[in-house]
Number of protein chains: 2
Amino acid sequence: MTVGMASRSASSGPASQQDMRRQNLAVVLGAVAGHSPLARPLSRADVAGRVGLTRAAVSSLVDELIGRGALTEAAATASGRVGRPGRALAVSDEGPAGLGLEIGVTHLGACLVDLRGEPRAWRRVERENAGRPAGEVLAEVAALAAAMEAEAAALGLRVEGRILAVPGVVPNEPGGVVERAPNLGWRGVRLADHWPDADTVPEPENEANLGALAEYWNAGQPVETFVHVSAETGIGAALVIDGRLFRGARGFAGELGHLPVHPDGPGCACGARGCLEQYAGEAAVLREAGLAEHGPGDAVALLAERAGAGHPPTLAALDRAGRALGLALTSAVDLIDPDGLVLGGAYADLADWLLPSVRAELAARVTVRPWAPEALRPSALGRRGPLLGAALTTVRRIMADPTLLPAG
Amino acid sequence: MTVGMASRSASSGPASQQDMRRQNLAVVLGAVAGHSPLARPLSRADVAGRVGLTRAAVSSLVDELIGRGALTEAAATASGRVGRPGRALAVSDEGPAGLGLEIGVTHLGACLVDLRGEPRAWRRVERENAGRPAGEVLAEVAALAAAMEAEAAALGLRVEGRILAVPGVVPNEPGGVVERAPNLGWRGVRLADHWPDADTVPEPENEANLGALAEYWNAGQPVETFVHVSAETGIGAALVIDGRLFRGARGFAGELGHLPVHPDGPGCACGARGCLEQYAGEAAVLREAGLAEHGPGDAVALLAERAGAGHPPTLAALDRAGRALGLALTSAVDLIDPDGLVLGGAYADLADWLLPSVRAELAARVTVRPWAPEALRPSALGRRGPLLGAALTTVRRIMADPTLLPAG
DNA sequence: GGTGTTTGTCAGGGCTCTCAACAAATTAGT
DNA sequence: ACTAATTTGTTGAGAGCCCTGACAAACACC
């Protein structure tokens, strides 16, 4: 099982009556969750009419969902309509919750969301994690996680799943292993080996993937197929296709940083020439902006500051990066035909200066199909995306399969 | 409903017991179909053990499948094993069949396959279809189709679905419309408007997509995620992701021909610069090979002939095309991480001269992940792919949902 | 020929949905 | 205030589907 993949029908394998029940529980829960909280809340009869089940079936399903703590029956509402008023249903804001954890290069984070998807608690501590032993870092994360679990209990929440966002490669196969995280100096770290409590070991997932999923899950009107570009030290893209994260055959999909944008361009560390990273990577932009020997501190913040001040070399460097990124994204649009493109990670902070040139390049080169400049937009969540995505992963799993919750 | 998409669980919508039955019918049928015909045929008990249903359930499902004509009970086999021998099950080679039709620029085609996926009849007639009125061409196709239906009846086959492969754009939405087919001169052609018999109107689908699906369905050990490049007049790619055709948000996915391989290269008719088609398109290769004013006849055959004869400008043109194609495919590999790349259409006929340079370019540029040169291979089906894919589409739909067949 | 093994089928039971009927709770009308 | 109409949620009967357990049938082995 992989983060972000729905657990339904493994495409082969027989269907059982439990599967049917599972899906119908998910459908009913999804109907309540997908309903605008501003509108009049849904009753059992409303749900039945909306999803196409009978009132009797919905009643039974709702009872089970209430028993599992996924739904609550709110107070009766003065509907104003004729007939017996329905009993308002709402996704529970107590009970099940998802815990997201994050290891960044310079910080640790934690986030707690309830089943409605609402964040209920955030924690962030600054830590220089690069090069430290994985066990040491994980011990601190575990302490943070324990504090959050305590806070969850105080809020009446029960943590049902734990996902850890890491800036590294997490293989497709389960096992809780971070294959490598260059910016942390990790290689082949098994989370379970360093976690104090075997019952609360989190599942690792790549932070860029989680950021993309958060962007998708958090959108009011979600775009089902989009490319989420995320630049930290490298440049990666997460592909969300039909609402699901696409990892590629071996988990390497979305390697945007090494697309050949100028085939005869400068050599890249990867061995090829003219890769996108040579134009739009952090090191390349800093070099071009004359900031290669910047002091300590956040390089991205420095770039944003200089660009905001109108520093010509910085502006030129960002323009050059934007045009190269536009070239790479042209290839992505031609191949994948996404509904949208999202600039996340460091690019979100630099969007003001990147967007014009990226959009111009796309407009000039994406000509054989309709393409709206607004389809490219900066991330709405910015740097909080991965952590939120980690927490929401558990929520979305439960929404897709409410039987994951213990029966009441 | 779209060609090549499984009809199962529309992801939302409640599950019914019919859905469960449908899936289990498909699972049982799939187990029989997926079994090597060389090995001892499967019995009901074998199927039960393999798919995880009980013998009683499989018995009921098999009975229904036999009733619908999807399975047959073969003669008893001398198994040589102890115990009561099982009754051999086989996918029926009578009854349900799929009819594939094809309109090419210079020919019409038809193909009949039985439920095992075996071709049972082929027809091909040479016709210059470019520029002729759509109604005239479709009338000839309909005549061809009628002849095939008669042949099907003679073979004891019943045509359960009709798909028409066209060299053009078919929108995602159903409706039987060919939005445009530049090489035929078609625009907004509704098949139903020109078909003599309303009961046998075929469903149109892009030939490159069908070629890719045929490649997938026909493979012994199918690669689940691959890119099928197909060059005719333009250069297109069909993306098969997790065994399903991926069309993109608006049906424009796989537009490989306009990937910017040399951003400052020659201008393209699309308005951009340095598109792949300027290097690897038919017109560009012919021009580079000094064959721009070739006489009548198949330009691809001409290129193959000259290349086979060692004609230096042709070899240079193909090498240049191959390197450009390798660049574009590098982007595809980086983004999608496919298990394989297939060269189809005209490229299949030119594979001998294209493969080396494409592979070299990929080897030099795909460095941040494992990449085997053999993952790029020419199409096994070549020019027959689209027609076979059209015929197989119906078969795969029935395999995915045997209740499409009339009950016996 | 008897025994053991495997196959296919049947009857009973459980789960889940649908259908039809009904009590409950509210609005509209007089 | 009281009745009629309307809508909701629940209940019981019924159908569909799979599972369990049992059993006859058909074969190999001794």
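Reader: What rotation superposes chain A on chain B, and with how much shift along its axis?

Author: In this predicted model, a rotation of 180° with 0.0 Å of shift along its axis does it, at an RMSD of 0.1 Å. Copies are superposed by least squares on the C-alpha atoms of residues with pLDDT of at least 70 in both. The two copies are therefore related as by a two-fold rotation axis. In chain A, the C-alpha nearest that axis belongs to H262(A), 3.2 Å away from it.

A word on conventions: residues are numbered from 1 along each chain as its sequence is written, and chains are lettered from A and ligands numbered from 1 in the order in which they are written. As the model is predicted, local features need pLDDT of at least 70 and side-chain atom pairs count only at pLDDT 80 or more, while totals for chains, interfaces and linings use all residues.

Reader: Why say that the copies meet through the same surface?

Author: Because 100% of the interface residues of chain A are also interface residues in chain B. Contact means that two residues have C-beta atoms, placed from the backbone, within 7 Å. On that basis, 50 residues of chain A touch 50 residues of chain B. The largest share of chain A's side, seven residues, comes from α9(A).

Reader: What makes α8(A) and α9(A) roughly perpendicular?

Author: Helix α8 (residues 299–308) and helix α9 (residues 312–336), both of chain A, pack at about 115°, with axes 8 Å apart. Helices here are DSSP runs (H or I, at least four residues), numbered from the N terminus. Angles from 65 to 115 degrees count as roughly perpendicular, so that is the label for α8(A) and α9(A). The crossing is left-handed: the near helix is turned anticlockwise from the far one by less than a right angle.

Reader: Which residues make that contact?

Author: L303(A), R306(A) and A307(A) come from α8(A), and T314(A), L315(A) and L318(A) from α9(A).

Reader: What counts as being near DNA strand C, and how many residues surround the strand?

Author: A residue is near if its C-beta atom, placed from the backbone, lies within 6 Å. There are 29 residues around DNA strand C, and the closest are R84(A), R44(B), G83(B), R84(B) and G86(B). Both chains chip in: α1 and α3 (55–67) of chain A, plus α2 (44–51) and α3 (55–67) of chain B, each give two or more residues. The largest share, five residues, comes from α1(A).

Terms used
Axes fitted to C-alpha atoms, helices over the stretch in contact; angles between N-to-C directions. Parallel < 35°, antiparallel > 145°, perpendicular 65-115°, else oblique.
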